[in-house]
Amino acid sequence: MTPIPDSTQKSATAEGSVIYYRDGKTVLARQGVDRRNVELAKVPKHVRDAVIAAENRSFYNDGGVSLKGTARAVWSTVTGQQLQGGSTITQQLVRNYYSGLSQERSVTRKFKEILIAMKVDQSKSKDWVLEQYLNTIYFGRGANGVQSAARAYFGKDVDKLTVAEGAYLAAVIQQPSRFADPEGVDLAAARSRWQAVINAMGQTGALSRQQAAAERFPVLKAPKKPFELKGQGQYMLDQVTAELNRRGYSDETINSGGLKIVTTFDKKLMAAAEQAVKDVIPASTPKSVRTGLAAVDPATGEVVAFYGGRHDQVGDYDNAFSAKRMAGSTFKPYTLAAALDNGFELSTRVDGNSPLRVASADKPIPNDSGRSYGQINLVSATQNSVNTAFVDLGQKVGLNKVAAVAEAAGIPKEQLQGQQAYATFPLGVSSVSAVQNASGFSTFANKGVHMEAHVVKSVTDSKGEKKSVKPVATKVVGEQAAADTVYAMQQVVKYGTGTAARLYDRPVAGKTGTTDDSKNVWFNGFVPQLAVAVNMFRSDDKTVTIPGYGTQFGGQLPAQVWRAFMTEAMAGEPVEEFPEPSQYGYESSYSPPDRGRDLRDHPSSPPADQNEWDSPGPGNTDQPFGDPAVTEAPTDDGSGDNGRTGRDRQDERPQDAPTAPPDQPLGPPDEGRDTQRDNLGRPSGTG
């Protein structure tokens, strides 16, 4: 009438998961119960002998119960005295291992324990019982099971334990809390208990008299502090957990399933991302200004590094994954790629005049200061980030095709819905995260194929079965369309608005972006091996202004952060070239500036000792529509522009703004920056 329970207690068998950096060796975080089950054969005989001598000397000979010990325990329970020991190893296992046996002190529970222990002894081998016991018992210091205990007390695996160390773990079982880190009288008690175990091993024959006399009390390793995530650690853990949930792993499985989770994060590049922000963003930066960075491997879709914000923002949203901000002109390459994949060529001319009248718009769309560029090709339009040219191109290619390319490149459909009905859609009225934008641009670096962005490389379960993540690959545009898009984006970095991001040892393609009133400033760029997006915004959705540096644009501090990170990330990496563009690519429309022309309105010019060929070309960039606001543009889904528009601003400083060479560090960051947020705990305007 008292069967062996058919289920075990979750806490008795739970194994915590370990999360690693991409090398599969460096621990990023630990989740859940600290337990690592081991086979009995991997536990040294002297460790097993110590436990048996301390807890149940007759273990291999009894029937699973101790009649004397049980009688004593039952009597103390019936008489109301404190419950005494006397339980065998089998009884202890039954109590802690099987479901349905509570820890309450009652005669009924005790008799059920005895009966089940007898049945377990009859149906299971002694070695099976001992193995489950050693993996189940709590040893203090947060360690469950003998393997975790060996690591916690002596910093080694169980198979490396000495006789003295094994005896100490056996001694700990009696009072794990008291003997976990003993001092004073507790240390004296621990020594006494340890000596009793050694003596018992001598009495059972596990040790000779001489061996027992030669043993010395072991040196305990200082207890480790509870595992604490530092820096970007909590942001990494949040993203890993979220992705595992999406892939079907419950929180319970993550915390108690004994998983080995290898992430895509590179520890060195994570540090480089944080350092780049610290080195470039000035100390005078207001606390409400937030900076995000995301780096994606184009060939695999792996997010290898990111910067999510200051350490004191942990628990809040992060700037790389969670914050969704208007894309501005960084969205234009999706329009360009859509056009090139639908029969247009780099030599195709579009209307760069200002204002531009579009049938679907209530008012004409102007360029910055009403400047007109005339009929210009797609290279010039991209290099100079001419808004009217991209509005015209969007009308010609079809905004539904632009949206299709952006979605295929990894920008979720819900973040694009409703926006493509407006003529200003190509100018970046949709909100995206830094990870999404970097992932989108990685498409162009990967010859038009988008690899699903992800943060988990593989998951190995407690049985050793490994499952590697296979990201979804999506053909977005043809190889030639991608190559031509990259060529146009190279001109942005060579001669246009993104010269501050140039890497002088390798080719770079990219795009700046600055939305209305400089509320969101971006630089997105890539080399063949890595795509990186950097954004800056304020949590109160006001203009990003840095004392001493003025109102920011994408080609300024964001481009410099990008360059600082990429300089470190690509150090020692081979120089790879982009694919050849179509024939037009060799007929650059670039015209060097007139000699003697004042270049002060191009603050991202290279240092004076650079060749003239590396000087920025003429023309403004990322033009604002000017006032009044264009009323036909939709309110960004939470972008915080209050219905004004998603219009894009120029990425060059005004002439009277202070300047700084792009390759000059701007000082350490303000320790208090990036902390303020709105009443909802997120930046105003995040999606």
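In what order do the five strands of the open antiparallel sheet stand? Here are my notes on this predicted model, beginning with that sheet.

1. **The antiparallel sheet.** The order is β7-β6-β18-β17-β16, and the five strands form an open sheet with antiparallel pairing. At the edges stand β7 (303-307) and β16, each with a single partner strand, so one side of each has no neighbour in the sheet. From one strand to the next, the twist averages 10°.

2. **One pairing inside that sheet.** Strand β6 (residues 289-296) and β18 are joined in the antiparallel sense by eight bridges. If you would like a residue pair to start from, take Ala295, whose bridge partner in β18 is Val532.

3. **Helices lying on these strands.** Helix α20 (residues 479-494) lies across β16 and β17, and runs at about 65° to β16. Helix α21 (residues 557-569) lies across β6, β7, β17 and β18, with an angle of about 145° to β18.

4. **The mixed sheet.** Another open sheet has five strands in the order β2-β1-β5-β13-β14, and its pairing is mixed. Its edge strands are β2 and β14 (466-468), each of which pairs on one side only. Neighbouring strands here are turned by 15° against each other on average, ignoring direction.

5. **Where the mixed pairing comes from.** Strand β1 runs antiparallel to β2 (residues 27-31), with four bridges between them, while β1 and β5 (residues 260-263) run parallel and share three bridges. For checking the register, Tyr20 has Val27 as its bridge partner in β2, and Val18 has Lys260 in β5. Further along the sheet, β13 (residues 456-460) and β14 are antiparallel and joined by three bridges; there Val459 stands opposite Lys467.

6. **The β1-β2 hairpin and the burial of β1.** Six residues separate β1 and β2 in their hairpin, and Gly24 in the turn has a positive phi of about 75°. In a regular strand, side chains alternate between the two faces of the sheet. Strand β1 (residues 17-20) is covered on both faces: Ser17 and Ile19 are buried on one side, and Val18 and Tyr20 are buried on the other.

7. **A helix crossing.** How are α8 and α10 oriented to each other? Helix α8 (residues 163-172) packs on helix α10 (residues 185-204) at an angle of about 115°, their axes being 9 Å apart. The two helices are therefore roughly perpendicular. Their crossing is right-handed. On the α8 side the contact includes Val163, Ala164, Ala167 and Tyr168, and on the α10 side it includes Trp194, Val197, Ile198 and Met201. By class, the contact has 11 nonpolar, no polar and one charged residues.

8. **An enclosed helix.** Why can helix α2 be called largely enclosed by the rest of the structure? Eight of the 11 residues of α2 (residues 45-55) are buried, so the description fits. Among the buried residues are Val47, Val51 and Ile52, and also Asp49 and Glu55. The cover over the buried residues of α2 includes α4 (89-97), α6 (126-136) and α7 (146-154), as well as α8 and α10, the pair from the previous point.

9. **Backbone geometry to look at.** The peptide bond from Ser354 to Pro355 is cis, with omega near 0°, and Pro355 lies in the loop between β9 (349-351) and β10 (375-377). Ser518 is not a glycine, yet its phi is positive, near 50°. Ser518 belongs to the loop between β16 (509-514) and β17 (520-527), and is buried, with a relative accessible area of 0%. Asp541, also not a glycine, has a positive phi of about 65°. Asp541 sits in the loop between β18 (530-538) and β19 (545-546). Is Asp541 buried or exposed? With a relative accessible area of 5%, Asp541 is buried.

10. **The overall picture.** The secondary structure comes to 21 helices and 20 strands. Of the 687 residues, 57% count as buried. Among contacts between residues at least 6 apart in sequence, 73% join residues at least 24 apart. The β1-β5 pairing offers an example to inspect, with Val18 bridged to Lys260.

How values were computed: Residues numbered from 1 in each chain as written. Predicted model: local features only at pLDDT ≥ 70, side-chain atom pairs only at ≥ 80, totals over all residues. Heavy atoms only, no water. Buried < 20%, exposed > 50% of the residue type's maximum accessible area, 1.4 Å probe, protein only. Pairing = 2+ DSSP bridges. Axes fitted to C-alpha atoms, helices over the stretch in contact; angles between N-to-C directions. Parallel < 35°, antiparallel > 145°, perpendicular 65-115°, else oblique. Left-handed = near helix turned anticlockwise from the far one by under 90°. Contact = heavy atoms within 4.5 Å. Nonpolar A, V, L, I, M, F, W, Y, C, P; charged D, E, K, R; others polar.
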